[in-house]
Amino acid sequence: KGPSVFAPIVVSACGTMNTFGKLLPESNPVRQQFAPLLKQLEPSVQHACLFLGLKGTREELGLDSFNLWVYPNNEVEDEQKKYEQDPLNYEGMCFISFPSAKDPTYESRHPGKSTAVVVQQADFHSWKKWESNRVKKRGVDYEEQKKKLTESMRRQVERFFPQVADKIEYVDASTPVTSKYYLGAQFGESYGLAMSKERFDQPWLKAQTPIRGLFLAGQDVTSAGFAPSLMSSLLTTSAVLEE
């Protein structure tokens with residue numbers, strides 16, 4: 001809690017669930033009105049992430065600026081079922097990227113260094129039993145499971161980019177409970193509300209809310225992802241300016 005700042009216009013980009021389920025007072029009639037509607041909506045997919053610090057420049061390590069989407073085979077639905085059968089031990093579909101290779105100023109700011117990130121699907125409920133434990137003190141079981149996850153994602157990097165295997169200087173990982181703690185996402189979700197028919201059937205899910213001066217922005221106003229989030233700013237600005 002901190003000082004209160006009052007304004008005639010407030011734009012909330014922290015998600016529908018947080019805005020109507022946490023930020024508004026429990027006595028607020030809009031919160032009470034939307035409570036049963038929010039229960040109809042599911043959170044989007046959750047992820048685990050691996051963060052690597054590498055010794056060497058983009059040129060020295062032969063890194064490209066493109067993103068690599070890894071699919072073990074062409075049967076994506078079968079692969080998804082395989083993940084769902086054992087989400088904690090799954091190794092397969094993932095996303096690999098080198099953020100430093102995309103930044104033309106990175107070398108001048110961090111000479112001789114590079115970064116890598118791996119993202120793969122992770123189920124919040126598989127990690128939920130550790131969510132109430134303190135950060136960095138979630139227990140031996142959590143750390144062991146996180147270590148397995150880290151090693152699994154690291155193998156994916158070394159499989160497709162073997163030249164970085166002996167250049168890794170820093171390793172850290174996050175799980176859905178990490179995302180919940182640091183980002184405030186109720187289930188550690190990455191994209192706000194799930195892309196479901198029920199979500200798009202909600203006529204109230206838009207930039208302008210029933211509360212005067214309160215507006216929404218972000219993925220829940222448009223669709224999942226970075227570009228839709230940017231587009232939401234245009235919709236919200238239009239709603240605020242009534243244009």
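## Strand 2 and its partners

Strand 2 spans residues 47–55 and is mostly covered, with seven of its nine residues buried. The model is predicted. Strand 2 has two pairing partners described here, strand 5 and strand 6.

Strand 5 covers residues 113–121 and pairs with strand 2 in the antiparallel sense, over nine bridges. In that pairing, His47 stands opposite Gln121 of strand 5. Strand 6 runs over residues 168–174 and is also antiparallel to strand 2, with six bridges between them. Here Leu52 stands opposite Val171 of strand 6.

## Ser97 in strand 4

Ser97 belongs to strand 4, residues 94–97. Is Ser97 buried or exposed? Its relative accessible area is 2%. The cut-off for buried is under 20%, so Ser97 counts as buried.

The side chain of Ser97 makes polar contacts with two other side chains. One joins Ser97 to Asn67 at 2.8 Å. Another joins Ser97 to Lys102 at 3.4 Å. Asn67 and Lys102 also appear in the contact list of Ser97, which leaves aside neighbours within four places in sequence. The rest of that list is Phe66, Thr115, Ala116 and Val117. Thr115, Ala116 and Val117 lie in strand 5, residues 113–121.

## The buried side of helix 2

Helix 2 spans residues 29–38. Which of its residues are buried? They are Val30, Arg31, Phe34 and Leu38. These residues cover an arc of only 90 degrees around the axis, so they sit on the same side of helix 2. The spacing rule for helices explains the pattern: an α-helix has 3.6 residues a turn, so residues three or four places apart point the same way.

What covers the buried residues of helix 2? Helix 1, residues 16–23, is included in that cover. At the start of helix 2, Asn28 makes a side-chain to backbone approach. A side-chain oxygen of Asn28 comes to within 2.8 Å of the backbone nitrogen of Val30. Val30 is itself one of the buried residues.

## Asn18 in helix 1

Asn18 has its place in helix 1. With a relative accessible area of 10%, Asn18 is buried. Its side chain reaches the backbone oxygen of Cys14 at 3.1 Å.

What does Asn18 touch beyond residues up to four places away in sequence? The contacts are Leu23, Gly184 and Gln186. Leu23 is in helix 1, residues 16–23.

Methods
Residues numbered from 1 in each chain as written. Predicted model: local features only at pLDDT ≥ 70, side-chain atom pairs only at ≥ 80, totals over all residues. Heavy atoms only, no water. Helix = DSSP H or I, 4+ residues; strand = E, 2+ residues; numbered from the N terminus. Buried < 20%, exposed > 50% of the residue type's maximum accessible area, 1.4 Å probe, protein only. Polar contact = N/O pair within 3.5 Å; in protein donor to acceptor, adjacent residues only side chain to side chain. Contact = heavy atoms within 4.5 Å. Arc of directions from axis to C-beta. Pairing = 2+ DSSP bridges.
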